Amino acid sequence: MLAGWERRATRDGGALYCSAMIHAGPEVSVVVPIFNERDNLIELTEKIRTALGDTAWEIIYVDDDSPDRSAELARELAAQDSRVRCVQRIGRRGLSSACVEGMLASSAPYLAVIDGDLQHDESLLPHMLTELKAGQLDMVVGSRYVQGGGTGDWDAKRLRLSKLGTRFSRVLVPDQLTDPMSGFFMMRRAVFDAAVHDLSTIGTKILTDLFASTAQPLRFKELPYSFRLRTAGDSKLDSLTRWEYAMLLLDKLAGHIIPVRFIAFCIVGALGVGVHFAVLTPLLQFAHVRFPAAQAAATICAMTFNFAVNNVLTYRDQRLRGWRWLRGWLSFNLACSVGAFMNVGLATYLNEISGTRYLAALGGIAVGAAWNYAVTKRFTWNSSQA
Ligand code: GDD
Ligand code: MN
């Protein structure tokens, strides 16, 4: 054996030859999803460094190509301290998926997630670790709703919405968990490993996702903390966060039967029918446009509406912008035109053989929708996921 190398056992009983100079890996990885958090990174890094002290920690920043070049700063911090790392994703968005990819980049036996805007209380991290290391727990959650916790400056509306979301999530998470929407927690790696293939990674509520994706009930504890005021940067969460949360819950409940994106696609399609008639009616009645021209105009409007709304809701994580939006619009219209031919062709045939007009129409719509979904998923948004 080479001098300076030593034999170490791997977990499965194999052997690994390592340089004696190599340090052991981190005990805890703190995954921090960031988007435009440049003004918070230096302070947060410092605070986590102070909070975790001698513990073998690492920070994994996961940035979605923020325009403020947060990733660049994260890499500068990493250059000064090798315990800091940065994963930069291009052409993707999503808080939950960012957390998952950060955790996948870690080898630590304990995994934590904390926001990158200093709103969570990083001084809880060592306590979370102590609780987990005691061996009786799988997960420790920072909660705003247990005795001693707080929601900071939240107004009545946001509080009401948060509580409403918590109530809806009850079908999937245990009653005793007071803050399933929390984005601040630490868990054993085994919990993540057991859940990772079943995670939906839709939207922002990765904790709900984790609780709903583990076959065994998790042994957990909540520690109180007060949600701090954001002093730099802006919140990225908006009203669409609620839609994403609904999609997450739906995916967890029915995703194994029907892809939740397909459900969203159909909901948008149904709204598109409304848009079609909202355009068609005035064109026919007030502008006295001839039917084929009015129908063509209404179809283009409805398809544009469907494309734009699907781009924002159904494919929020892969949203097309700029010239890619235009190219997407074109491919969407092309795919849906073929879908429309299939729809009409099949419905006509079904009507001829069965004579049941409405059922024939439904059959045509179902096949057209499935085609539109499958083709635009692949070619408009270039997605290989369900
Ligand atoms: N990589 C990445 N990609 N990070 C993101 C994205 C994204 O698409 N969207 C948001 N983030 C990062 C932010 O930069 C921040 O560090 C963290 O995720 C939380 O986002 P905020 O925009 O600050 O969320 P908030 O303060 O409104 O929401 C908080 O409350 C929720 C509870 O209701 C967060 O703590 C959530 O984690 C928590 O679930
Ligand atoms: Mn925040």
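A residue is called buried here when its relative accessible area is under 20%. With that cut-off in hand, strand β3 of this predicted model is a good place to start. Strand β3 spans residues 28–34, and 7 of its 7 residues are buried, so the strand is largely enclosed by the rest of the structure. Its two faces are both covered. On one side lie Val 28, Val 30, Val 32 and Ile 34, and on the other Ser 29, Val 31 and Pro 33, all of them buried.

The next step is to see which strands surround β3. The strand belongs to an open sheet of 7 strands with mixed pairing, in the order β5-β4-β3-β6-β8-β7-β9. Strands of a sheet pair through backbone hydrogen bonds, and the pairing may be parallel or antiparallel. The edges of this sheet are held by β5 (84–88) and β9 (220–224); each has a single partner strand, so one side of each is left without a neighbour in the sheet. From one strand to the next, the twist averages 20°.

Two of the pairings can be followed in detail. Strands β3 and β4 run parallel and are joined by 7 bridges, with Val 32 having Tyr 61 in β4 as its bridge partner. Strand β4 (residues 57–63) also runs parallel to β5, and 5 bridges join these two. In that pairing, Ile 60 stands opposite Arg 85 in β5.

Helices are laid against this sheet. Helix α2 (residues 70–80) lies across β3, β4 and β5, and runs at about 155° to β5. Helix α3 (residues 95–104) packs on the sheet as well, touching β3, β4, β6 (110–113) and β8 (185–188). The direction of α3 makes about 150° with that of β3.

Further along the chain, two helices can be looked at as a pair. The axes of α11 (residues 323–354) and α12 (residues 357–379) come within 7 Å and cross at roughly 155°. Angles over 145 degrees count as roughly antiparallel, and that makes α11 roughly antiparallel to α12. The crossing of α11 with α12 is right-handed. The residues of their contact divide into 15 nonpolar, 9 polar and 1 charged.

Asn 372 gives a closer view of helix α12, where it has its place. Is this residue buried or exposed? Its relative accessible area is 14%, so Asn 372 is buried. Leaving aside residues up to four places away in sequence, Asn 372 touches Phe 265, Ala 335, Cys 336, Gly 339 and Lys 377.

Conventions:
Residues are numbered from 1 along each chain as its sequence is written. Chains are lettered from A and ligands numbered from 1 in the order in which they are written. This is a predicted model: local features need pLDDT of at least 70, side-chain atom pairs count only at pLDDT 80 or more; totals for chains, interfaces and linings use all residues. Side-chain values use heavy atoms; hydrogens and water are left out. Axes are lines fitted to C-alpha atoms, for helices over the stretch in contact, and angles run from 0 to 180 degrees between N-to-C directions. Helices (H or I, at least four residues) and strands (E, at least two) are DSSP runs, numbered from the N terminus. Angles under 35 degrees count as roughly parallel, over 145 as roughly antiparallel, 65 to 115 as roughly perpendicular and the rest as oblique. A crossing is left-handed if the near helix is turned anticlockwise from the far one by less than a right angle, and right-handed if clockwise. Ala, Val, Leu, Ile, Met, Phe, Trp, Tyr, Cys and Pro count as nonpolar, Asp, Glu, Lys and Arg as charged, and the others, Gly among them, as polar. Two strands pair if DSSP finds at least two bridges between them. Contact means heavy atoms within 4.5 Å. Buried means under 20% relative accessible area, exposed over 50%, partly exposed in between (1.4 Å probe, protein chains only).
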